Structures are given as C-alpha cells and as structure tokens.
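Hi,

Here is the structure I promised to pass on. Have a look at it first, and then read my notes below.

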Amino acid sequence: GSGVGLVVGVGTHAKMMVLRQANRQLRLDAMGALKKVLESLHASIAPSLRNSKSMEQADTSASVNISLDTDAVLKSPLPTQDGGGSGPPTLVQIYDTKQKLREEQIQIMLRFNQKPAAGIKYAAEKGHLDATNPIGVAEFLLKNQNSFEKTQIGDY
C-alpha cells in the first residue's frame, strides 16, 4: 500500500509542477498583453499631455467637430484627483473625457440618423455646435457626412 501511495504522491507532485508551470506561463502572457495595452493607451494619450500647456494658451473658439479632438479634450478644465481646482489632467481623466466624447458622438449619430432635428439639438446641448448658427450647422454636417445617413442630411 505505501509504495503505491508514494508513486501516486510523486505523480501528483509532477502534475502540480506541470500545472504551476502552465499557470506561470499563462500569467506571464497575460501580463505581457496588459503591458502592450497600457503602452498603447499611453502612446495615444502622452502626446496630448506634452502639448497640454500650449493648448491651454491656445484660442478656445467654439468647435463644430464631433470627431474625437484631443485639443477639445485638453481645453476643458478638469478637476484634480483631490477634487479641488483645476490642474494638468491625468491620463485617467483624459481617457474618461475621450470616452465621454465617443459616447456623445455615437448618440449624436444615432439620434440624427433617426430624426435629424433631434440629433442637431442633442449636439447643441452637448456643446458640439451652435444650433442657431446655420453656417455652423452646415459645417457640422459637412465634417460628419460619413457618420450620418445621406438621406437624413438631405431631409434636414
């Protein structure tokens, strides 16, 4: 009996070592993938941070572009992590702001393609254009013509 238990024990130990090695490799692969994702995120946001000081001094005229514009993201004051005042935006704040702009862009597109007037009204409410300025609306439609259905643009 004890000889069999020893063989099973050795076999179990070997299986555990193989399983640990496989799990270790899986963890290393996951960490490598996470590193690549973070590097990609940093690469897409870091240039924005380097230019943030010059952009704060840039002209803050109204934009009629709903495409994700890093200039617009960085021009808006963001609270610091402690909640007080405004300072240089953190990577997380820039990412959150870009994500919010993406969601707004999708909503504008969906609303416009269902009912053009509702899409224009929503875009104006979110500050993407001045709905009272026909030239601004026309520029907005021209810049986003690939996002909107052509028949809806014509109907509007």
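**What I found**

Of the protein's 156 residues, 22% count as buried. Keep in mind that this is a predicted model. The accessible surface comes to about 10800 Å², and carbon and sulfur atoms account for 59% of that.

The fold is quick to describe: seven helices and zero strands, so in sequence order the pattern reads α-α-α-α-α-α-α. If you take the contacts with a separation of 6 or more, 53% of them are between residues 24 or more positions apart.

Helix α4 is where I spent my time. It covers residues 91-114, and its 24 residues should span 34 Å at 1.5 Å a residue; the end C-alpha atoms are 35 Å apart, which agrees. Its buried residues are Gln 93, Ile 94, Thr 97, Lys 98, Leu 101, Glu 104, Gln 105, Ile 108, Phe 112 and Asn 113.

Two of those, Ile 108 and Phe 112, also belong to the largest nonpolar core. This core has ten residues in all, the others being Ile 120, Tyr 122, Ala 123, Leu 129, Val 137, Phe 140, Leu 141 and Phe 148. At least two of its residues come from each of α4, α5 (116-125) and α6 (134-143).

Phe 112 is worth clicking on. Leaving aside neighbours within four places in sequence, Phe 112 is in contact with Gly 119, Ile 120, Leu 141, Phe 148, Gln 152, Ile 153 and Tyr 156. Among these, Ile 120, Leu 141 and Phe 148 are core members as well.

Now the charged pairs. How many salt bridges are there? The count comes to two.

- Lys 35 and Glu 39 pair up with N to O at 3.9 Å. They sit four residues apart in helix α1 (residues 2-50), so about one helical turn separates them. Lys 35 is exposed, at 54% relative accessible area, while Glu 39 is partly exposed at 44%.
- Lys 100 and Glu 104 are the other pair, with their closest N and O atoms 3.7 Å apart. Both lie in α4, again four residues and about one turn from each other.

Is Glu 104 buried or exposed? Its relative accessible area is 7%, and the cut-off for buried is under 20%, so Glu 104 is buried. That puts a salt-bridge partner of Lys 100 on the list of buried α4 residues.

Cheers

Technical notes. Residues are numbered from 1 along each chain as its sequence is written. This is a predicted model: local features need pLDDT of at least 70, side-chain atom pairs count only at pLDDT 80 or more; totals for chains, interfaces and linings use all residues. Side-chain values use heavy atoms; hydrogens and water are left out. The expected span of a helix is 1.5 Å times one less than its number of residues. Buried means under 20% relative accessible area, exposed over 50%, partly exposed in between (1.4 Å probe, protein chains only). A salt bridge is a side-chain nitrogen of Lys or Arg within 4 Å of a carboxyl oxygen of Asp or Glu. A nonpolar core is a set of buried Ala, Val, Leu, Ile, Met, Phe, Trp, Tyr and Cys residues joined through side-chain atoms within 4.5 Å. Contact means heavy atoms within 4.5 Å. Accessible areas come from the Shrake-Rupley method with a 1.4 Å probe; for residues, only the protein chains shown count as cover.
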